[in-house]
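Colleague: Got a minute? I'd like to go through this model with you.

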Amino acid sequence: MPERSTPVAQSQWLPKVLLGLYVLLFTALAIHPAERGTWVAENTPIVAIAVLLVVLYMRGVRFSNLAYVLMSVLLFLHTIGGYYTFEKVPFDWFNNLFGFKRNMYDRVAHFSVGFYAFAIIELTDRNGTIRSRAVSYLFALFAIATIAMSYELIEWLYADLSDPSAGAAFLGSQGDIWDAQKDMLADTSGAVFALIIYWLRSKSSNNHK
């Protein structure tokens, strides 16, 4: 069986610094968001993720510094998106750089969802949960794909049951009928990116043994 990578030594301060920065950003952007209902809906799952990571950390389930950095990207991007609503985030520099007609901030945020695949495979590797290397990578990839699909269902239910304007702001589809499918593709593409980073780190770690 191919040799698995050893988890990178964990810094005691970096996760705490990232958490502190997130709390500061969340607090600042909780003041007068564009739409309070949308802000609550967008921040609820993100706060839940942050709380889960804190609980896991306190229980001794800790990840590498790189995993925490990758996971924090979504927390920061989504908190900003919840403040403005995703389609109104000032992101012209990026849209103009690549010639996009729509605001692509939400796509970038969705791409960062896939970064959690890094932590997933890091955890399964550490615990030896999955013996097959191919299956361990596929498990992390499919886990993100399932989360992406589930979130799109939640968005649909929220948009269907809430106030029409709040629902539209939460969806952030910007008139694209294929928005849900493209969001799921962005999530999964982010997972592929994160898994490539993990593979490169594992290869580098094993070469230095």
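Modeller: Sure, we can take the overall make-up, then the helix packing, the cores and a few single residues.

Colleague: Is this predicted or experimental?

Modeller: This is a predicted model.

Colleague: OK. How many helices and strands does the protein chain have?

Modeller: The chain has 9 helices and 0 strands. From the N terminus on, the order reads α-α-α-α-α-α-α-α-α.

Colleague: What share of the residues counts as buried?

Modeller: 42% of the 209 residues.

Colleague: And contacts between residues at least 6 apart in sequence: what share joins residues at least 24 apart?

Modeller: 76% of them.

Colleague: Let's do packing. At what angle do α1 and α3 pack?

Modeller: About 0°, with the axes 10 Å apart. That makes α1 roughly parallel to α3, since angles under 35 degrees count as such.

Colleague: Which residues meet there?

Modeller: On the α1 side, L14, P15, L18, L21, Y22, L25, F26 and L29. On the α3 side, N65, Y68, V69, S72, L75, F76, T79, I80 and Y83.

Colleague: How does the contact of α1 with α3 split by class?

Modeller: It has 14 nonpolar and 3 polar residues, and no charged ones.

Colleague: Now α2 against α3. What angle, and how far apart are the axes?

Modeller: The angle is about 155°, and the axes are 8 Å apart. So α2 is roughly antiparallel to α3. Their crossing is left-handed.

Colleague: Who makes the contact?

Modeller: From α2, W39, E42, N43, I46, I49, A50, L53 and Y57. From α3, Y68, M71, L74, L75, H78, T79, G82 and Y83. By class, the contact of α2 with α3 has 11 nonpolar, 4 polar and 1 charged residues.

Colleague: How do α3 and α5 pack?

Modeller: α3 covers residues 65-84 and α5 covers residues 105-113. They pack at about 150°, with their axes 9 Å apart. Therefore they are roughly antiparallel to each other. The crossing of α3 and α5 is left-handed.

Colleague: And which residues of α3 and α5 meet?

Modeller: V73, L74, F76, L77, I80 and G81 of α3 meet Y105, V108, A109, S112 and V113 of α5. By class, that contact has 9 nonpolar, 2 polar and no charged residues.

Colleague: On to the interior. In the largest nonpolar core, which residues touch the most other members?

Modeller: F63, M71, Y116 and L195. That core has 29 residues.

Colleague: Which helices each supply at least two residues of this core?

Modeller: α1 (14-29), α2 (36-58), α3, α6 (116-127), α7 (133-161) and α9 (179-207). The largest share comes from α3, with 6 residues.

Colleague: Is there any general background for a core like that?

Modeller: Yes: in soluble globular proteins, nonpolar side chains tend to be buried together.

Colleague: Back to L195. What is L195 in contact with, leaving aside neighbours within four places in sequence?

Modeller: A117, I121, Y137, A140 and L141. There is also a second, separate core of 8 residues, which includes V89, F91, M104 and A109. A109 also turned up on the α5 side of the contact with α3.

Colleague: Switching to backbone. What about phi of H32?

Modeller: Phi of H32 is near 50°. That is a positive value in a residue other than glycine. H32 is found in the loop between α1 and α2.

Colleague: Is H32 buried or exposed?

Modeller: H32 counts as exposed, because its relative accessibility is 66% and the cut-off for exposed is over 50%.

Colleague: And T85? What is its phi?

Modeller: T85 has a positive phi of about 75°, although it is not a glycine. T85 lies in the loop between α3 and α4 (92-98).

Colleague: Buried or exposed, for T85?

Modeller: T85 is at 1% relative accessibility, so it counts as buried. The cut-off for buried is under 20%.

Colleague: Last one, R126. Where is it?

Modeller: R126 is in helix α6. At 32% relative accessibility, R126 counts as partly exposed.

Colleague: How far is R126 from F63, C-alpha to C-alpha?

Modeller: The C-alpha atoms are separated by 9.8 Å. Along the chain, R126 and F63 are 63 residues apart. F63 is one of the residues that touch the most other members of the largest nonpolar core.

Conventions
Residues are numbered from 1 along each chain as its sequence is written. This is a predicted model: local features need pLDDT of at least 70, side-chain atom pairs count only at pLDDT 80 or more; totals for chains, interfaces and linings use all residues. Side-chain values use heavy atoms; hydrogens and water are left out. Axes are lines fitted to C-alpha atoms, for helices over the stretch in contact, and angles run from 0 to 180 degrees between N-to-C directions. Helices (H or I, at least four residues) and strands (E, at least two) are DSSP runs, numbered from the N terminus. Angles under 35 degrees count as roughly parallel, over 145 as roughly antiparallel, 65 to 115 as roughly perpendicular and the rest as oblique. A crossing is left-handed if the near helix is turned anticlockwise from the far one by less than a right angle, and right-handed if clockwise. Contact means heavy atoms within 4.5 Å. Ala, Val, Leu, Ile, Met, Phe, Trp, Tyr, Cys and Pro count as nonpolar, Asp, Glu, Lys and Arg as charged, and the others, Gly among them, as polar. A nonpolar core is a set of buried Ala, Val, Leu, Ile, Met, Phe, Trp, Tyr and Cys residues joined through side-chain atoms within 4.5 Å. Buried means under 20% relative accessible area, exposed over 50%, partly exposed in between (1.4 Å probe, protein chains only).
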